[in-house]
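Here are some notes to read with the model open beside you. Take the points one by one, and find each residue on screen as you go.

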Amino acid sequence: MHENALRPSENFKKMAAKSVQAITLFIATYIVLIIFTLALTAISCYLGIMLMEYISSSITFILGIGLIGFGFMILFFLVKFMFKSNKVDRSHLMEITRPDQPNIFKMIDEIVLSVQTDFPKKVYLSNEVNAAVFYDSNFWSMFFPVRKNLIIGFGLINTTTADELRVILAHEFGHFSQKSMKVGIYVYQFNKIIYDMLYENESYDKVTRGIANASSYIGVFVLISDKIIGLMQQILVRVYQVLSESYSKLSHEMEFYADAVAAVVVGSKPLVDSLLRMQLASRSVDIIYNYYERKIDDCVISANIFPQQILVMNFLAQRNKLPFENGFPQVSIDYYNRFNKSKISFSNQYSSHPETDERVKRLNDLGIPVAKPYHDMANTLLVDQEKIAEKFTAQIFQRAVYREQPSVQQLSDFETDFLKENDQNSYPDIFNGYFDYRNPYHQFNIDSFDLPTIPSELSVEEFFDDTNLSVMYELKALEADLATIDNIDSQVINVKTFNYDGKKYSLADCRAMIDYLKGEISKKNGQLALLDVKVFEYFRFLAKENQTEATFKSLSIKYKQVAEEFTVQENAYLDLANATRFMHTSASKEMIKRKMVVVKKEEQKFKDYLIAIVNDDAYASLITEEAKTALADYLKHDYKYFGADLYFDEELKDLFFAMSFFGGVIYERHFLTKRELLNFEAKLINPVFS
């Protein structure tokens with residue numbers, strides 16, 4: 001009935017043909033390099049043997065060995081990928097079997113039969129909001145079939161219907177359902193091979209450095225081999241760019257094809273719904289993790305976080321006015337894109353997924369209905385689901401360290417405390433989340449309050465509509481991407497390549513990308529700055545209409561003073577945080593001593609602001625007596641933090657406590673002052689707001 005949906009598209013055929021051409025280019029290049037290296041190895045072996053035979057001395061023997069080894073070092077560089085295996089860490093996984101989980105295996109049986117592929121070698125559960133097929137691969141995987149393993153995330157099972165889970169698994173197996181898909185596997189493996197030769201050389205370099213250190217004579221040959229390998233890498237970089245681009249485009253088509261397979265097996269709508277909800281389900285888990293991280297000092301844990309995942313997900317959905325269907329929130333593409341503006345990725349160097357918008361559009365165009373709807377929650381398929389959930393939850397909390405035996409929080413207590421926290425740490429809903437990421441306008445002059453007020457043509461709903469929020473989310477994504485690329489450029493993030501907006505870039509491209517992002521950030525800031533002024537004037541007009549302009553002026557000036565003070569304080573905090581970042585990594589003692597000079601310089605500035613806070617009555621309600629005592633002890637000492645090749649742990653403990661306290665207090669005061677102003681503004685719109 002839907003045979004056309006499963007036929008590889010013309011674009012897929014085109015991308016596959018280009019990928020085959022890229023593979024051919026790589027093989028031809030590799031053969032040339034191998035022939036050259038074999039010839040070089042044969043010549044170096046011949047010359048090495050001849051040298052040792054005709055000139056008998058210890059020096060010529062070492063030189064002969066160096067000559068022989070010279071060729072083999074280059075040859076090993078070209079073939080080392082054949083011996084490298086990529087093992088997947090399974091320590092966090094729980095293997096399940098057919099007797100344990102008959103319903104899950106029955107579902108997989110039906111999918112395997114429908115998709116016409118092989119049953120997975122093993123099936124695992126994880127605590128993630130995801131599903132994936134994986135296998136331990138190496139070079140030989142291209143020639144000898146390897147059975148895949150299946151991972152199903154409990155966080156995914158917990159937030160999908162049975163149909164949605166079935167369609168997600170069908171998508172995973174859809175990647176392997178036709179021989180035409182095999183070209184992608186070959187491109188993937190060849191991509192890995194070149195990447196290995198270009199960037200994964202730590203072990204190889206360690207061996208060659210060891211050989212070079214054994215003798216200065218042999219070191220000469222190591223140096224020459226490095227030069228030749230460097231030239232080979234320059235050639236391979238060009239091939240890698242072609243192959244990588246081909247695979248990126250082909251992988252898009254492979255995702256579309258796997259989506260089509262899943263839609264034919266189950267239906268279009270379940271895959272669309274699950275794709276769009278997955279981000280919300282994952283965000284809910286992150287919120288719970290952050291909640292319990294804040295509860296470490298209180299020694300509070302959960303026996304099962306997954307009912308809480310549902311609770312938080314539904315809370316977020318209700319707050320954002322999302323509709324519900326079959327017990328789950330229905331996420332629109334507009335809401336999905338609100339939080340998904342980042343264009344950078346580098347977690348997988350060998351693939352690139354298409355945009356969710358395009359996947360959703362194609363699935364909706366297919367419009368394949370569900371033949372036999374099964375809307376029950378997917379977690380009802382699991383035997384002993386609560387026991388499994390508790391096991392994964394215990395695994396999560398094992399990572400935390402508590403000063404005493406933690407108490408287990410009940411779901412009802414979590415709900416009460418979570419809602420209370422959210423209420424205390426939120427701004428009025430009427431602003432639609434705008435001020436969660438942006439501050440009220442405070443660049444005004446005091447004289448601004450004496451200017452005439454003018455009615456606004458826009459309503460509060462128009463000021464804070466999804467269009468304006470989208471600009472703000474794009475700005476935040478740009479700023480995050482800028483920080484990420486800056487860290488890649490400085491090698492704080494140790495990767496050699498990254499994807500931006502579907503295209504692959506290298507370290508050499510970072511500076512140009514940074515300049516580009518700064519320009520885009522400036523444009524977005526300009527748009528939002530104009531909006532901020534209009535919002536300020538809108539509330540100034542409402543305050544005058546309500547005869548509360550004196551209160552509005554007072555709160556606005558108060559916030560302006562706190563915001564300007566906060567900016568200076570935050571910079572002092574961040575400067576010290578950046579200066580001490582090296583302490584969380586391994587570093588040589590020479591580097592530690594150099595960087596410690598910067599730490600002491602930034603710490604003095606930080607201490608000045610900390611002393612001002614401790615002595616300021618405005619912060620008195622935010623400082624406990626216990627904290628005041630600890631800070632006084634820190635402030636009276638001039639700690640060194642490092643000496644005799646060792647860190648002084650107790651001194652560092654005092655430093656990091658002071659930094660944590662300082663950051664918490666300045667953020668809390670800024671938040672409270674900002675909320676006071678926004679609560680007042682909300683009452684101008686709706687007097688019953690509280």
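1. Let's start with a term you will need: two strands pair if DSSP finds at least two bridges between them. In this predicted model, β10 and strand β12 (residues 497-500) are such a pair, antiparallel and with 2 bridges. To see one partnership, look at Ile344, whose bridge partner in β12 is Tyr500.

2. Now widen the view around that pair. The strands belong to an open sheet of 3 strands, ordered β10-β12-β13 and paired in the antiparallel sense. Its edge strands, β10 (344-345) and β13 (503-506), each pair on one side only. Two helices lie across parts of this sheet. Helix α16 (residues 466-489) lies across β10 and β12, and runs at about 165° to β12. Helix α17 (residues 510-545) lies across β12 and β13, at about 30° to β12.

3. Next, step back to the whole chain. How many helices and strands are there in the chain? You should find 21 helices and 15 strands. The C-alpha atoms fill a box of roughly 105 × 75 × 55 Å along the principal axes. Of the 690 residues, 46% are buried. The accessible surface is about 35,700 Å², and carbon and sulfur atoms account for 55% of that area. Among contacts with a separation of 6 or more, 82% are between residues 24 or more positions apart.

4. A second group of strands is worth a visit. Strand β2 (residues 94-96) runs antiparallel to β3, and 3 bridges join them; here Ile96 has Val123 of β3 as its bridge partner. The pairing of β3 with strand β6 (residues 149-153) is parallel instead, over 4 bridges, and Ser126 stands opposite Gly153 in β6. Within strand β3 (residues 123-126), Val123 and Leu125 point one way while Tyr124 and Ser126 point the other way, yet all are buried.

5. Keep Leu125 in mind for the next point. In soluble globular proteins, nonpolar side chains tend to be buried together. The largest nonpolar core here has 72 residues, and Leu125, Ile152, Leu165 and Leu169 touch the most other members. Helix α9 (residues 268-294) gives this core its largest share, 10 residues. Apart from this core lies another, of 47 residues, including Tyr434, Phe444, Phe536 and Tyr538. Returning to Leu169, and not counting residues up to four places away in sequence, you will see that Leu169 touches Met107, Ile108, Ile111, Ala131, Leu150 and Ile152.

6. Is Gln569 buried or exposed? Gln569, in helix α18 (residues 549-579), counts as buried because its relative accessibility is 6%, and buried means under 20%. Its side chain makes a polar contact of 3.0 Å with the side chain of Tyr619. Leaving aside neighbours within four places in sequence, Gln569 is in contact with Tyr609, Ile613, Tyr619, Phe662 and Ile666.

7. For a contrast, go to Lys601 in helix α19 (residues 589-614). Lys601 counts as exposed because its relative accessibility is 64%, and exposed means over 50%. One last pair to find: Lys601 and Pro270 are 331 residues apart in sequence, and their C-alpha atoms are 58 Å apart in space.

Note on methods. Residues numbered from 1 in each chain as written. Predicted model: local features only at pLDDT ≥ 70, side-chain atom pairs only at ≥ 80, totals over all residues. Heavy atoms only, no water. Core = buried A, V, L, I, M, F, W, Y, C linked by side-chain atoms within 4.5 Å. Buried < 20%, exposed > 50% of the residue type's maximum accessible area, 1.4 Å probe, protein only. Contact = heavy atoms within 4.5 Å. Axes fitted to C-alpha atoms, helices over the stretch in contact; angles between N-to-C directions. Polar contact = N/O pair within 3.5 Å; in protein donor to acceptor, adjacent residues only side chain to side chain. Areas by Shrake-Rupley, 256 points an atom, 1.4 Å probe, with all protein chains shown as cover.
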